[in-house]
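Q: Please take a close look at one part of this model for me, the place where two helices pack against each other. Then carry on from there into the strands and loops, and keep it informal.

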Amino acid sequence: MFDTIAEASLHDQAAGLRALTRKALRVLPVTFAARGVGHTTCVVNLAAAISATGLRVVVIDAGRAMIAPSLGLKARYDLLHMLTGERTFAETIQLADTFSVLPAAKGLDEFVQSGSSAGDLFGAFATLPTPFDLVVLAAPPDTVSQLLGPSSDVLFVLNDEADSIKATYAFLKKLSEKSGFQKFQILFNDVQDPTRANDGYARLADAAKRFFNAHLSLAGIVPRDAALRRAGSSLGHVFQSGSASGNSTAKVAFSRTAVDIASWQLHEFSAAKA
């Protein structure tokens, strides 16, 4: 029994969305352990890189709701408004140039608390005339563990500073020991010295394997790049048409990661039959 009318509305709306789904899609969780590592920048540019491969991508921003503002989008509504029926999908979704953004800082918490299935939520993104292929779930680690099962790869964004690596280790350990996650992808961002990042990754992967039997893979190393900073200052990304970034080092790094994602183990949500 739901405790509030809002929770009941969430459940009813989710059931309706599930009945409309028509296509399976994959969910890529992208998270971080410490602020200041460029998580928002990585989500935006990775979504753009994946879109450049021909996939239709939607970013669910379940963190601090910074994805839309970083692209110059003015998000008036949240996932909560859609799930309670106050606003439609079209009114809630934000359209960037090559992918979409759904603010969800409030709605995703409510959805998790409602006890609804993750399939109810993610299947909803197949309801458009041209369904989405991939959901990028930009969320804190705890939200990822509450919404997705441990069989999925989880992408952690960090930098090569000791504090960032230490904080990441702590969250890897927590997700592994408390929620059963064992496979993690590691993306280093804003790196000046690739050797330092590689050494940091090697230490992190070794400790995770030895102390809680988790398997880490190096998803990529994004170098410090003026083109990436310029794109961010212009409320954009390095993959935008007309961008002066060319084949910047950051653009190449994100492109490589985007291609590799096709082989990652991610949750797939099949369309439910009406």
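A: Let's start with the helix pair: α2 and α12 cross in the right-handed sense (the near helix is turned clockwise from the far one by less than a right angle; anticlockwise would be left-handed). Helices here are DSSP runs of H or I with at least four residues, strands are E runs of at least two, and both are numbered from the N terminus. Before going on, keep in mind that this is a predicted model, where local features need pLDDT of at least 70 and side-chain atom pairs count only at pLDDT 80 or more, while totals for chains, interfaces and linings use all residues. Residues are numbered from 1 along each chain as its sequence is written, and side-chain values use heavy atoms, with hydrogens and water left out.

Back to the helices. α2 covers residues 39–51 and α12 covers residues 249–260, and their axes come within 8 Å of each other, crossing at roughly 65 degrees (axes are lines fitted to C-alpha atoms, for helices over the stretch in contact, with angles from 0 to 180 degrees between N-to-C directions). On the α2 side, the contact is built from C42, N45, L46, A49 and I50. On the α12 side, F254, S255, T257 and A258 do the job (contact means heavy atoms within 4.5 Å). Sort those residues by class and you get 6 nonpolar, 3 polar and no charged ones (Ala, Val, Leu, Ile, Met, Phe, Trp, Tyr, Cys and Pro count as nonpolar, Asp, Glu, Lys and Arg as charged, and the others, Gly among them, as polar).

Step back for a moment to see the whole chain. There are 12 helices and 9 strands in it. Of its 274 residues, 50% count as buried (under 20% relative accessible area, against over 50% for exposed and in between for partly exposed, with a 1.4 Å probe and protein chains only). Take the contacts between residues at least 6 apart in sequence, and 80% of them join residues at least 24 apart.

Now for the strands. β6 spans residues 154–158, and 5 of its 5 residues are buried, so the strand is largely enclosed by the rest of the structure. V154, F156 and L158 point one way from β6, while L155 and V157 point the other way. β6 pairs with β1 (residues 25–32) in the parallel sense over 3 bridges (two strands pair if DSSP finds at least two bridges between them). Within that pairing, V30 has L155 of β6 as its bridge partner.

β6 also runs parallel to β7 (residues 183–191), joined to it by 5 bridges. V154 stands opposite F184 in β7, and L158 faces F188 of β7. Put α9 (residues 162–179) between β6 and β7 and you have a right-handed β-α-β unit (with the strands pointing away from the viewer, the path from the first strand over the helix to the second runs clockwise).

β7 then repeats the theme. With α10 (residues 194–212) and β8, it makes another β-α-β unit, also right-handed. β8 (residues 215–223) runs parallel to β7, with 7 bridges joining them, and F184 has L216 of β8 as its bridge partner. As for burial, 7 of the 9 residues of β7 are buried, so β7 is largely enclosed by the rest of the structure.

D190 sits in β7 and is partly exposed, at a relative accessible area of 34%. Most residues other than glycine have a negative phi. D190 has a positive phi of about 55 degrees although it is not a glycine. L235 does something along those lines too, with a positive phi of about 60 degrees and again no glycine. L235 lies in the loop between α11 (226–233) and α12, and is partly exposed, at 41%.

Two more loop residues are worth a look. S152, in the loop between α8 (141–147) and β6, is buried with a relative accessible area of 0%. Leaving aside residues up to four places away in sequence, S152 touches V27, P29, F181, K183, Q265, L266 and H267.

D97 is in the loop between β3 (94–95) and β4 (100–103) and is partly exposed, at 44%. Its contacts, again skipping residues up to four places away, are H237 and Q240. The C-alpha atoms of D97 and F239 are separated by 9.8 Å, although the two residues are 142 apart along the chain.
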